[in-house]
Amino acid sequence: MRFTALFMSLILMTSCGIFGSDSGTADLMGSQDQGEARIERYAGEKSQVITSVYTARKELSLTFNGMGDMQTMERLLNELDKYDIKATFFLPGIRVAEEPDIAKSIAARGHEIENNTLNHLDLTKLDYEQIYKEIQLSNEVIEKETGISPKYIRTRSGDYSDDILLVAAQLGMEGVVSYNINPKDRDMKNAKEIGDYVARYMSRGSVISLNTDINPEIVPAIRFIAEAAQDIGYKLITLSELVNNGGERKPLEQIPGYDAAKLNPDYKGTPYELVYKADTGKKEIAITFDDWATDKTVTRILDILAEHDVKATFFLRAQGVEHNPNLARAMIEEGHDVANHSYAHQVVTTLTPEQLQEDVVKAHQVITEAIQEQPLMLYRPPTGVVDHATAEIIAATGYPRIAMYDVTTLDWDVKNSADDIVNGIMDKTQSGSIILLHILDGIHTAEALPTVLERLKEKGYTFVKMKDLIE
């Protein structure tokens with residue numbers, strides 16, 4: 001069976017000119033003259049591109065390209081078993097034809113097998129018919145040798161063209177897969193360098209791409225990747241499972257409230273309110289977080305809030321949200337509020353009216369698209385600096401309430417220890433207080449947070465979201 005499949009592969013490669021022969025086109029035309037039907041360009045919708053998956057779940061996918069030798073693959077599969085990881089393997093059809101036992105072993109271990117093209121060629125340089133046959137025959141070989149019908153296609157580099165997207169759709173495949181985490185193991189990095197890279201960029205819904213046939217260090221790198229995921233509390237699953245668990249991300253214009261913030265040059269005289277604290281007789285307070293950080297930092301803070309059953313308000317720097325929308329959505333799904341903390345985090349008093357309004361509106365739209373709903377219509381100026389003129393400009397966009405605070409410990413400064421943060425909050429907090437903290441990497445806020453929540457509860461304070469406190 002394997003030799004038959006391999007023979008078919010070689011015949012097809014020759015007839016299509018895939019080896020670069022100048023006579024390829026003539027050969028193909030000749031075979032068509034003898035009765036082979038020409039493959040027409042698909043006229044339907046292009047296949048979807050998957051670089052990551054929209055999800056707030058603590059999941060991501062580890063994927064592999066190519067197919068190493070039997071010894072390497074066996075070591076890799078054993079390492080994945082050791083850490084209870086199920087991965088997705090994109091296999092070249094020619095390698096499956098040569099060594100089907102490896103592919104069968106991958107499937108038997110519970111991993112997913114998908115199409116890595118027939119010969120690992122650069123499909124972006126081939127014509128439509130060649131692309132079609134490269135993908136089609138690889139599908140056929142994989143199915144014949146393993147019984148698995150691939151749903152996804154990935155090129156060797158992860159790059160794709162419109163023709164590749166059309167071919168994938170024409171063949172009934174569910175998507176063309178790229179990646180959003182590439183530790184560049186091709187550069188022959190060692191295992192720890194590979195693991196550290198993945199750890200630095202690890203995020204919910206991510207697709208990690210590694211190669212099995214280039215750098216043997218990918219095998220020991222699995223330990224570092226598994227430990228990084230475990231440290232955050234994330235699970236590595238197959239691509240299909242990740243996609244199935246993911247949600248739909250609607251275009252911005254289909255989300256109610258996307259236009260609640262607009263440019264408005266007629267801003268002079270616009271009423272606004274600066275909210276520093278609430279006037280209440282109850283021992284209620286609001287805890288708020290500004291800015292943006294990596295998954296590790298934000299997830300740690302979300303986990304602490306969940307452990308203490310506290311809901312918070314997050315004022316997000318939208319430039320960060322734009323690169324990691326899943327993390328913003330996770331805040332919403334865990335019951336917190338999300339609000340506007342600008343796009344580029346510039347001091348508002350240094351901007352022209354046009355620049356300021358454009359920043360506010362852009363941030364509103366980015367956050368809206370990320371969380372798939374209108375954010376809380378509160379705006380907090382970066383660094384807390386605002387004056388009458390800029391407050392009017394901000395209010396005119398649709399944000400008449402500007403969220404300030406009465407308790408801050410400058411926790412953004414790494415020189416302020418966890419004890420400094422705890423003591424500052426305990427000294428300043430009173431009924432109706434709005435506490436300002438930050439989600440930034442490398443500071444001591446997450447370290448201080450459990451003690452802050454416990455001590456404030458011991459003093460009889462109840463935590464509410466900022467909108468509930470001020471309303």
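## Two unusual backbone angles

T117 sits in the loop that runs between strand 4 (112-115) and helix 6 (128-146). This is a predicted model, so keep that in mind as you look around. The phi angle of T117 comes out near 75°, which is a positive value in a residue other than glycine. Is T117 buried or exposed? It's buried, with a relative accessible area of 0%.

T383 gives you another case to look at: its phi is near 65°, again a positive value in a residue that isn't glycine. You'll find T383 in the loop between strand 13 (376-379) and helix 15 (388-396).

## The largest pocket

Now for the open spaces. The largest pocket has a volume of about 680 Å³. Its lining is made up of 29 residues, and S52, V53, N180, P325 and N326 are the ones nearest its centre.

Which elements each supply at least two residues of that lining? They are strand 1 (49-50), helix 8 (191-201), helix 12 (318-323) and helix 13 (325-333). Sort the lining of the largest pocket by class and you get 11 nonpolar, 13 polar and 5 charged residues.

## The second largest pocket

The second largest pocket holds about 330 Å³ of space. Here 23 residues form the lining, with T294, K296, T297, R300 and D441 lying nearest the centre. By class, they split into 8 nonpolar, 7 polar and 8 charged.

Helix 8 turns up again, since this lining gets at least two residues each from helix 8, helix 9 (218-232), helix 11 (295-307) and helix 17 (445-458). Which helix gives the largest share? That's helix 11, with 7 residues.

## The nonpolar cores

Let's move on to the packed side chains. The largest nonpolar core has 46 residues, and F289, F314 and L316 touch the most other members. Helix 17 is the top contributor to this core, giving 6 residues.

Take F289 as an example. Leaving out residues up to four places away in sequence, F289 touches I301, L305, A312, T313, F314, F315, L437, H438, I439, T445 and L449. Try picking out F314 in that list: F314 is also one of the residues that touch the most other members of the core. Apart from this core lies another one, of 42 residues, including L80, L137, I194 and A229.

## Putting it together

Helix 17 is a handy landmark for your own tour: it supplies at least two residues of the second largest pocket's lining, and it gives the most to the largest nonpolar core.

Notes
Residues numbered from 1 in each chain as written. Predicted model: local features only at pLDDT ≥ 70, side-chain atom pairs only at ≥ 80, totals over all residues. Heavy atoms only, no water. 1 Å grid on protein atoms, 1.4 Å probe; cavity = no way out; pocket = protein on both sides within 12 Å on 5 of 7 lines; lining within 4 Å. Points joined across faces, edges and corners; volume = space filled by probe spheres on them. Helix = DSSP H or I, 4+ residues; strand = E, 2+ residues; numbered from the N terminus. Nonpolar A, V, L, I, M, F, W, Y, C, P; charged D, E, K, R; others polar. Buried < 20%, exposed > 50% of the residue type's maximum accessible area, 1.4 Å probe, protein only. Core = buried A, V, L, I, M, F, W, Y, C linked by side-chain atoms within 4.5 Å. Contact = heavy atoms within 4.5 Å.
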